[in-house]
Amino acid sequence: MMKERVCLLLHGFTGGPYEVRPLAEHLESRGWMCEVPTLPGHDGPLRDLYRTRYEEWVLAAAAIAGELTERHGSFDLVGFSMGGLIAAYLANRFPVRRMALLNAAVHYVSPGRFVRNAVRVLRSGEIRVLRSKRETPVGAVIEFAKLVRRLKPEIAKIRTPTFIAQGELDEVVHPRSAFYIASRVKGEKTMTVYPHSRHMLCFEPDASYVFRHVERFFSEEDR
């Protein structure tokens, strides 16, 4: 009897499960049981984020990882943006079988790239995106910066087989983040840069390729 395949997917800062839900649905259609939690203070009014600290985001993810470990022994793991750093933390403490990091938030975008994206957003009418950035509490941004500083060193400790995905047009996380991660992960690793994708990787033109690549990587046998 085949062992049940389980995957934990973690969303990004100011986001929610919707950011990784398309990938979760793809994996579920291929036989995975997926857990897609909401981190404390997220997926609601952004002003609610000021009430939470970065430790709460990490501890909430760790609690779910602990439950999955108790129930299944091991599991696969996906981390998007900020969730990528939390995933690195979990992979170093729980029996993660394989991990995928999607646009993991290591290096921030250059000012020039951000401005070019802002112009694109204005021209396309995606004003809601800019408004959401403006409404993010300053205290929450500070907590996010603390999380990056605290968890970035976890990358160099990773021995879990890792798939690194990066949108080449990412306007939030600089594409060099993927190269930074690939140069430091100690275990088996593979990296793919998607030329037509910005930050929201699961909704970009290359999304179907991302889903298939993650599925294929997770389907490989442990070495």
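In the predicted model, the charged end of Arg-93 lies over the ring of Tyr-89, at 3.8 Å from the ring centre. A second arrangement of this kind involves Lys-152, whose charged end sits over the ring of Tyr-180, 4.9 Å from its centre.

Aromatic rings also pair with one another, and a search of the whole structure identifies five such pairs. One of them joins Phe-163 and Phe-217, with 5.9 Å from centre to centre and 35 degrees between the planes. This pair is classed as tilted, because the angle of 35 degrees falls neither under 30 degrees, as stacking requires, nor over 60, as an edge-to-face arrangement requires. The two partners belong to distant parts of the chain: Phe-163 is in strand β5 (residues 162-167), whereas Phe-217 is in helix α8 (residues 207-219), 54 residues apart. Phe-163 has a relative accessible area of 3%, and the value for Phe-217 is 4%. Both residues therefore count as buried, the cut-off being under 20%. Phe-217 also forms a tilted pair with Phe-218, at 6.4 Å centre to centre and with 50 degrees between the planes. Phe-218, like Phe-217, is buried. Ring pairs connect these phenylalanines further, so that Trp-32, Phe-163, Phe-217 and Phe-218 make up a cluster.

The nonpolar interior was examined next. The largest nonpolar core contains 45 residues, of which Leu-8, Trp-57, Leu-77, Ile-86, Leu-90, Leu-147 and Ile-181 touch the most other members. At least two residues of this core come from each of the strands β1 (5-10), β3 (75-80) and β4 (96-102) and from each of the helices α2 (54-72), α3 (82-91), α6 (138-151) and α7 (176-184). The surroundings of Leu-90 serve as an example. Apart from neighbours within four places in sequence, Leu-90 is in contact with Leu-8, Leu-10, Ala-61, Ala-62, Ala-65, Leu-77 and Val-96. A second core, separate from the largest, has 24 residues, including Cys-7, Val-20, Leu-23 and Ala-207.

At the level of the whole protein, eight helices and six strands are found. Their order from the N terminus is β-α-β-α-β-α-β-α-α-α-β-α-β-α. Of the contacts between residues at least 6 apart in sequence, 75% join residues at least 24 apart. Of the 223 residues in the protein, 52% are buried. The exposed surface of the protein amounts to about 10600 Å², of which carbon and sulfur atoms supply 54%.

Methods. Residues numbered from 1 in each chain as written. Predicted model: local features only at pLDDT ≥ 70, side-chain atom pairs only at ≥ 80, totals over all residues. Heavy atoms only, no water. Phe/Tyr/Trp six-rings, centres within 6.5 Å; stacked < 30°, edge-to-face > 60°. Helix = DSSP H or I, 4+ residues; strand = E, 2+ residues; numbered from the N terminus. Buried < 20%, exposed > 50% of the residue type's maximum accessible area, 1.4 Å probe, protein only. Lys NZ or Arg CZ within 6 Å of the ring centre and 35° of its normal. Core = buried A, V, L, I, M, F, W, Y, C linked by side-chain atoms within 4.5 Å. Contact = heavy atoms within 4.5 Å. Areas by Shrake-Rupley, 256 points an atom, 1.4 Å probe, with all protein chains shown as cover.
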